[in-house]
Amino acid sequence: MPRHVLTAEFAHESNTFKKGFTVLDDFRSETYLQGEAAIAERGNANTELAGFLDAAREAGWRVSHVISAHAGPGARVARAAFDDIAGQICAAATASRHSLDGILLSLHGAMVTEFCEDGEGELLTRLRAIVGPDMPIAVTLDLHANCTPLMCDLADAIVSYKTYPHIDMRERGLQAGRILEARMSGRSRPRTLRAHRPMLDEINSGRSDEGPMLPLYAKARAAEREPGILAVSINAGFSDADIRDVGPTVTVTYDTLQPAAESRARAIAEDIADGIWAARFTSVNTYLGVEEAAAIASSFDASRGPLIIADYADNPGSGAYGDATNLLRAMLDAGLRNAAFGPMIDPEAAAFLHTHRVGDTVSLALGGKNDPAFGGGPLAVTGEIIHLSNGDMICDGPILGGLHHSYGTTAVLRVDGIDVLVVTANSQMLDQQQFKAFGIMPAEKSVVALKSMQHFRAAFEPIAGRVIVCDSGALSTPRYERRTYRNVPRPIFPLERNTELPTRP
Ligand SMILES: [Zn+2]
């Protein structure tokens, strides 16, 4: 009899500073696919599910895939949305618990719900109540997980991405699947421990392309080759969540059948966590003000590729509103030519532009509608509509390649020399198709301003003449003190820059 494994993907990165809730419709408009439909869309792409299926083929499992549900990073998940998706996973576990050999879950690790701070811990609690303490459960997490002690207690194995930009989803899915297979066959008996440091997040949000984290990821990979060490994960944390268990963690999944593995796992976790702590003052990014960024753009020689300006603070990928206007205003004031800006997430403006035709000249108030205190208020602009679309695209970059994606109702408005991509759906810029599908060719522009912290680098660095990073003052500003934290334990770095470590037992 082949082993029977239940799989599911349920991911959300929750920004507790954002107003409102993430509701079921937000999942439905992003990814909300059951069973075979999920496998058809995601089963052969760079996804955890594809990695789970690789493991299944390798070991000959029978897989029951329940659901793949993702929504763009945003406000806390509403109870009804959480109960719907978690409910489907739990119902499937209840129905098949007598035939199940194991469970594989792709989670984020930074989900906060309307009613609890630890969405993943809550899901695992509900599942354990159904399948009991001995059912093998392996979990993958995003590198930006705020990984809690509860998650480590309830999952046998935790495997997080080791890349930011995230490009190893399928690889990590396979790794988690192989650990689950070893557990189901009795070759190992994994447990996961956790080391944590009092920081809001790793100082460079876990950048794996540059900076002090590079040798730490190398250490983690090397440690995974040691006997009894099954997975070593560095979670940079997610600082836009005002919760008790915020911050960077190192988790090590080790084999309790090997006598020395636990103490070695503890040593590995603390050593890497010490490295994160020691690097807390080392910032890889230089955050420019919007005027400085626009000044660099106005004298930029684009003969070797465009200047890419990343609006770090208004990254929809960390739950910022994506409608901040400060950078666009500075670019317009600087009189830039042959430039692009996107996305401007403004459903009202996108709908208004769709009441006109391509070629029309229109005036409107653009962006800045959610919270003008973070990133600037609405901008009065007049421009020519040069493209109208339903927002659909097939991505082709290293992160989303092959996957269908949609910005919803979308328009391109040319304001002076800047093509502004006005969209409806909340999604950061990380794939060139997010411009190209709407007629904006980034490689042919002199200046491309985009809303993303780090993921854009995978697709845009290869065409860039230069990359600069800007803090527009929007909700995900790296100036942490602009957000009012109430629930994180104090002192914490960098809110208290002289935070000291508690003495270890
Ligand atoms: Zn992430």
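**Exercise 1. Which elements cover the buried residues of helix H5?**

Before we start: this is a predicted model.

*Step 1.* Find the helix. H5 takes in residues 119-131, which makes 13 residues. From its first C-alpha to its last it reaches 18 Å, close to the 18 Å expected at 1.5 Å a residue.

*Step 2.* Pick out its buried residues. Gly119, Glu120, Gly121, Leu123, Leu124, Leu127, Arg128 and Val131 are buried.

*Step 3.* Look at what sits over them. The cover includes three strands, E1 (4-11), E4 (102-107) and E5 (137-141). It also includes helix H4 (79-96) and helix H6 (149-154).

*Step 4.* Check what comes right after the helix. H5 is followed by glycine 132, and its phi is positive, near 85°.

**Exercise 2. Work out the strand order of the open sheet of 6 strands, then see what packs on this sheet.**

*Step 1.* Walk across the sheet. The order is E2-E3-E1-E4-E5-E6, and the pairing is mixed.

*Step 2.* Mark the edges. Strand E2 (31-34) and E6 each pair on one side only, so they are the edge strands.

*Step 3.* Check the twist. Ignoring direction, neighbouring strands of this sheet are turned by 15° against each other on average.

*Step 4.* Zoom in on one pair. E1 and strand E3 (residues 62-70) run parallel and are joined by 7 bridges. Try finding valine 5: its bridge partner in E3 is valine 63.

*Step 5.* Add the helices. H4 packs on the sheet and touches E1, E2, E3 and E4, with its direction at about 175° to that of E1. H5 packs on the sheet too, touching E1, E4 and E5, and its direction makes about 165° with that of E4.

**Exercise 3. Which residues hold the zinc ion, and what is the geometry of the site?**

*Step 1.* List the protein donors. Asp142 gives two OD entries, His144 gives ND1 and His166 gives NE2. These donors lie 2.1 to 2.8 Å from the zinc ion.

*Step 2.* Place the donors along the chain. Their spacing reads D-x1-H-x21-H.

*Step 3.* Test the angles. Four donors count as tetrahedral if all angles lie between 85 and 135 degrees. Here the angles among the 4 donor atoms run from 51 to 146°, and the site is irregular.

*Step 4.* Ask about burial. Aspartate 142 and histidine 144 are both buried.

**Exercise 4. Describe the open sheet of 9 strands and its helices.**

*Step 1.* Write down the order: E10-E20-E11-E19-E12-E18-E17-E14-E13, with mixed pairing.

*Step 2.* Find the edge strands. Strand E10 (287-288) and strand E13 (361-366) each pair on one side only.

*Step 3.* Take one pair from the middle of your list. Strand E12 (residues 339-345) and strand E18 (residues 418-423) run parallel, with 5 bridges joining them. Methionine 344 stands opposite valine 422 in E18.

*Step 4.* Look for the helices. Helix H10 (residues 290-298) packs on the sheet, and its direction makes about 160° with that of E20. Helix H11 (residues 326-333) packs on the sheet as well, at about 155° to the direction of E12. Among the strands H11 touches are E12, E18 and E19.

**Exercise 5. Is lysine 445 buried or exposed, and which residues does lysine 445 touch?**

*Step 1.* Locate the residue. Lysine 445 sits in the loop between helix H13 (433-436) and E19.

*Step 2.* Compare with the cut-off. Buried means under 20% relative accessible area. Lysine 445 has 11%, so it is buried.

*Step 3.* Name the contacts. Leaving aside residues up to four places away in sequence, lysine 445 touches Pro306, Asn338, Ala339, Ala340, Asp419 and Ile440.

**Exercise 6. Where are the cis peptide bonds at proline 165 and proline 491, and what is phi in serine 205 and aspartate 416?**

*Step 1.* Keep the background in mind. Most residues other than glycine have a negative phi, and most peptide bonds are trans.

*Step 2.* Do the prolines. Tyrosine 164 and proline 165 are joined by a cis peptide bond with omega about 10°; proline 165 lies in the loop between strand E6 (157-160) and helix H7 (169-184). From arginine 490 to proline 491 the bond is also cis, with omega near -5°, and proline 491 is in the segment after E20.

*Step 3.* Do the phi values. Serine 205 isn't a glycine, yet its phi is positive, about 55°. Aspartate 416 has a positive phi too, near 50°.

*Step 4.* Finish with burial. Serine 205 counts as buried at 8% relative accessibility, whereas aspartate 416 counts as exposed at 53%.

Notes. Residues are numbered from 1 along each chain as its sequence is written. This is a predicted model: local features need pLDDT of at least 70, side-chain atom pairs count only at pLDDT 80 or more; totals for chains, interfaces and linings use all residues. Side-chain values use heavy atoms; hydrogens and water are left out. Donors are N, O and S atoms within 2.8 Å of the metal (3.2 Å for Na, K and Ca); water is not among the atoms, so sites may look incomplete. Four donors count as tetrahedral if all angles lie between 85 and 135 degrees; four count as square planar and six as octahedral if opposite donors are over 155 degrees apart and all others between 65 and 115; anything else is irregular. Buried means under 20% relative accessible area, exposed over 50%, partly exposed in between (1.4 Å probe, protein chains only). Helices (H or I, at least four residues) and strands (E, at least two) are DSSP runs, numbered from the N terminus. The expected span of a helix is 1.5 Å times one less than its number of residues. Contact means heavy atoms within 4.5 Å. Two strands pair if DSSP finds at least two bridges between them. Axes are lines fitted to C-alpha atoms, for helices over the stretch in contact, and angles run from 0 to 180 degrees between N-to-C directions.
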